[in-house]
Amino acid sequence: MTEIRPRGTALRLHKALARIWAPEPGWRGWLTTSNNNDIGRLFLCVATAFFVIGGLLAMLIRAQLATPGSAFMGPDAYNQVFTMHGTMMMFLFAIPFFEAMSMLLLPGMLGTRDLAFPRLGAYGLWVYIFGGSAVIIAMLMGLAPDGGWFMYPPLTSAAFSPGLGADVWLLGITSIEVSAIATAVEVVVTVLRYRAAGMSLSRMPIFAWVILVVSMMILTAFPPMILGSLLLEVERALDWPFFQVESGGDPLLWQHLFWLFGHPEVYIIFLPAAGMIGTILPMMARTTLLGYGWVVAAAISLAVLSFGLWVHHMFTTGIPHLGLAFFSAASTLVAVSTSVMIFSWIGTLWKGRVRMELPMLWLLGFFATVVIGGLTGVMLAIVPFNWQVHDTHFVVAHLHYVLIGGYVFPMIAAVYFFQPLLTGRSSFFRLGGVAFWLVVPAFHITFLAVHVAGLLGQRRRTWTYDEGQGWEVLNLVASIASFVMAIGFALVILDIAINTFAGLRGKRNPWDATTLEWAAANPSPNYGFASIPVVRGRYPLLQDPDLAQRIARGEGYLADTSRNWRETLIVTTTTGVPSQVVVLPGNSILPFLLAVVTSTSFLAPLFKAYWLSALALLGVAILALIWVWRLAPTRTEGLVDAGHGAHLPLASETADPPGWWGSLFLLVADGVHFGSLLLGYAFLWTVAPNWPPPSYLSPDFWPVTAATGGAVALALAPRLMPRVIGRGGVWLPLVIGAAATIALSAAAASVMLARPAPASDAFDATLWLLAGHVAFHAGLTLIMLGYLALRRIAGHALRIGEVRIVGLWADFTAATGLVALGAAWLPGVFG
């Protein structure tokens with residue numbers, strides 16, 4: 001039976017929660033906070049700043065192309081500007097912006113108090129800021145990269161791109177990708193485990209489904225790009241010839257790795273916008289989403305298909321005809337999944353009563369734009385047409401139709417829609433409507449003209465053009481319209497800023513929305529909900545109009561603040577039944593410090609300070625150990641009262657704590673990274689012109705024995721620990737595990753010693769990478785085993801969850817170690 005609390009008791013509850021969840025005062029609070037509201041706002045502001053910078057660079061491009069033979073910029077400056085424009089928009093704005101919106105909105109949508117790993121989110125924010133700032137500073141110093149945002153070698157190799165520009169891009173963007181992976185892990189675990197009681201998978205908001213799919217795409221699409229950046233940076237710094245044809249490499253390897261990331265990224269950017277549309281459109285139509293299950297299925301299928309399209313960008317590179325046919329068909333097939341979403345949204349409008357508020361205007365702008373972008377995408381999927389317009393401005397226009405019309409317009413709609421929730425204020429000044437009528441028509445004038453210029457043969461990435469080509473009027477019109485569009489975007493930002501600080505205080509739910517985030521106070525407090533709600537349907541506020549009041553009175557789960565914990569609920573993955581109580585960490589400077597040393601390890605090689613990079617990596621290990629040590633509980637609490645008569649275990653005392661889930665999905669990304677390395681190895685083996693190498697590596701008996709024995713022992717050691725934890729006999733498994741990691745490292749070292757000159761041939765360089773993978777993960781597992789040993793020495797009981805986390809990493813190290821060393825040795829055995 002639900003307990004009804006008096007008003008005074010509810011008020012005391014809110015005050016206690018505000019005290020428990022409060023950040024530190026002053027500027028230090030911004031460095032130590034880990035709350036999703038604070039981190040999300042910072043993410044949003046920084047991503048918007050990068051959008052403004054990218055927009056200014058776009059205006060420089062259009063000013064240069066407005067007239068033939070323009071002297072506004074020289075070729076070197078133009079190359080830097082268009083490279084940085086693409087980099088800003090693709091890496092520093094698009095993905096971080098929707099990650100920021102996810103951080104701000106997802107806990108409310110799911111009915112939880114924060115994301116799964118608040119400090120990991122703060123760490124990702126600071127790594128993103130430091131990496132993006134490094135790229136901006138390099139541009140201001142005239143050291144920006146000039147090889148395009150796609151960085152194709154050999155143009156970007158040390159021979160053709162000397163200086164720091166390409167290195168800044170490779171190292172800075174890689175650090176930003178690490179930030180994205182950290183956020184993706186946090187989002188996946190949050191959606192799967194941190195939800196309101198009763199919120200099964202089938203009751204999740206559509207945005208939660210979409211962002212879950214997108215986060216899994218990030219975990220599987222970003223690792224190939226990280227590997228490619230690592231290979232190119234190592235080639236530039238150490239002359240390991242991964243992309244040098246004369247030494248067994250191949251520059252096409254970069255294109256495969258880059259577009260394995262690059263084409264899924266288009267859908268990584270589009271799908272969050274689709275999730276926002278599925279959330280906002282039903283409220284604008286005063287109805288529910290038509291075809292919820294179909295939209296979820298379409299999002300999943302689009303994600304899967306996106307990984308089969310990367311050669312879509314390489315049709316002119318000499319791909320065999322069978323491959324061209326396959327990738328052309330796959331590229332066309334994505335239109336089916338997208339059409340399911342489009343027809344679902346049209347049907348939603350058809351069955352509802354549409355109100356033409358500002359968010360709806362921007363959604364109509366989306367419909368008018370994305371259909372054209374989708375149709376030109378289907379055109380580019382047809383191989384003969386693709387050959388004709390490849391690397392022309394037709395492709396540039398298509399890309400902008402998809403990314404601006406398909407992403408920016410819905411995100412502007414989302415900001416206006418959720419502004420009352422995020423700021424507590426409603427729009428008063430009406431600049432937004434003016435901005436819409438400036439942006440959308442000007443956008444179409446700009447990029448329809450660019451489409452036509454591309455069809456007439458204007459090449460992309462060229463800094464000028466001659467008179468008499470038939471492009472003069474088109475470019476002048478496009479440039480004038482682009483400046484009008486820029487004014488419109490500036491008015492959008494100004495309108496949102498003014499209404500955020502000077503808008504009128506509005507009611508809690510001005511749109512009469514039916515999803516759970518609108519049950520919280522406006523703006524959302526740091527603790528989100530006074531109590532964790534119980535939901536019984538997909539539209540909680542529609543099915544239970546009084547739910548917000550009952551949540552505020554503390555009639556849900558975890559309304560007791562006597563423990564002074566930042567606590568929230570963990571539920572079963574599929575059914576949403578409460579299963580655990582998790583205590584979230586408080587304010588800490590550790591995420592900021594760890595981001596500083598992480599960024600130092602990435603950026604120190606710019607100045608050839610490899611010793612500093614190694615020292616920073618040591619700092620990363622030390623700070624990570626301190627981080628984990630401080631989070632580990634020192635006593636057993638047993639079952640705790642969660643409310644509603646439920647007594648649940650703490651997550652840290654279970655076999656599957658959040659850290660286990662986080663490690664599982666982080667290892668998914670790690671496994672894709674390793675798989676990409678094997679794919680690159682196989683590609684060079686089968687395609688590279690100067691392959692096979694002069695000689696293969698023939699293993700000796702002892703390295704094979706050490707690798708086999710070490711892998712078996714490493715897989716065995718964590719499995720022995722649960723059997724002996726209660727008896728205190730954990731030292732034998734720990735010693736076995738440590739010895740196993742040393743054996744694997746020795747086997748990896750034997751590969752390096754047998755091939756001491758990785759700069760001589762791409763085969764030898766690849767062997768060093770395979771051996772390095774084994775040694776790195778063996779060392780990482782050894783550190784984890786050392787952590788367990790230190791916990792035991794300090795007198796703390798080891799918990800089954802900790803052991804299972806180490807077991808995941810040990811199994812991964814053992815399995816990939818055997819595969820990597822086998823890939824290095826087997827050619828010598830059978831060759």
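This passage describes selected local features of a predicted model, from a strand hairpin to unusual backbone geometry.

A convenient place to begin is the hairpin. Strand E5, spanning residues 639-643, runs antiparallel to strand E6, spanning residues 646-649, and 4 bridges join the two. Within this pairing, leucine 639 is set opposite proline 649 of E6. The turn leaves 2 residues between the strands, and histidine 644 in this hairpin adopts a positive phi near 55 degrees.

Positive phi values also turn up in loops. As general background, most residues other than glycine have a negative phi, and most peptide bonds are trans. Aspartate 391, which is not a glycine, nevertheless has a positive phi of about 60 degrees. This aspartate sits in the loop that connects helix H12 (383-389) with helix H13 (393-423). Aspartate 391 counts as partly exposed because its relative accessibility is 21%, and the buried class is reserved for values under 20%. Leucine 558 likewise shows a positive phi of about 60 degrees without being a glycine. Its location is the loop between helix H17 (547-552) and strand E3 (566-571). With a relative accessibility of 2%, leucine 558 is therefore classed as buried.

Two cis peptide bonds deserve a look as well. The bond from asparagine 522 to proline 523 is cis, with omega near -10 degrees, and proline 523 belongs to the loop between E2 and H16. Tryptophan 691 and proline 692 are likewise linked by a cis peptide bond, here with omega of about 15 degrees. Proline 692 lies in the loop between helix H20 (658-687) and helix H21 (701-724).

The loop that holds proline 523 also contains threonine 515, between strand E2 (504-505) and helix H16 (540-543). Threonine 515 has a relative accessible area of 13%, so it is buried. Its side chain makes a polar contact of 2.9 Å with the side chain of glutamate 517. Beyond the neighbours within four places in sequence, threonine 515 is in contact with Pro540 and Leu541.

At the surface, attention turns to helix H19. Tryptophan 611 is placed in this helix, which covers residues 610-631. The relative accessible area of tryptophan 611 is 62%, and the residue is therefore exposed, given that exposed means over 50%. Together with Leu615, Leu618, Ile622 and Ile626, Trp611 makes a nonpolar surface patch of about 520 Å².

Technical notes. Residues are numbered from 1 along each chain as its sequence is written. This is a predicted model: local features need pLDDT of at least 70, side-chain atom pairs count only at pLDDT 80 or more; totals for chains, interfaces and linings use all residues. Side-chain values use heavy atoms; hydrogens and water are left out. Two strands pair if DSSP finds at least two bridges between them. Helices (H or I, at least four residues) and strands (E, at least two) are DSSP runs, numbered from the N terminus. Buried means under 20% relative accessible area, exposed over 50%, partly exposed in between (1.4 Å probe, protein chains only). A polar contact is a pair of N or O atoms within 3.5 Å; within protein, one must be able to donate a hydrogen and the other to accept it, and residues adjacent in sequence count only if both atoms are side-chain atoms. Contact means heavy atoms within 4.5 Å. Patches are made of residues with over 30% relative accessible area and no salt bridge: like charges are joined within 9 Å, nonpolar side chains (Val, Leu, Ile, Met, Phe, Trp, Tyr) within 5 Å. Accessible areas come from the Shrake-Rupley method with a 1.4 Å probe; for residues, only the protein chains shown count as cover. A salt bridge is a side-chain nitrogen of Lys or Arg within 4 Å of a carboxyl oxygen of Asp or Glu.
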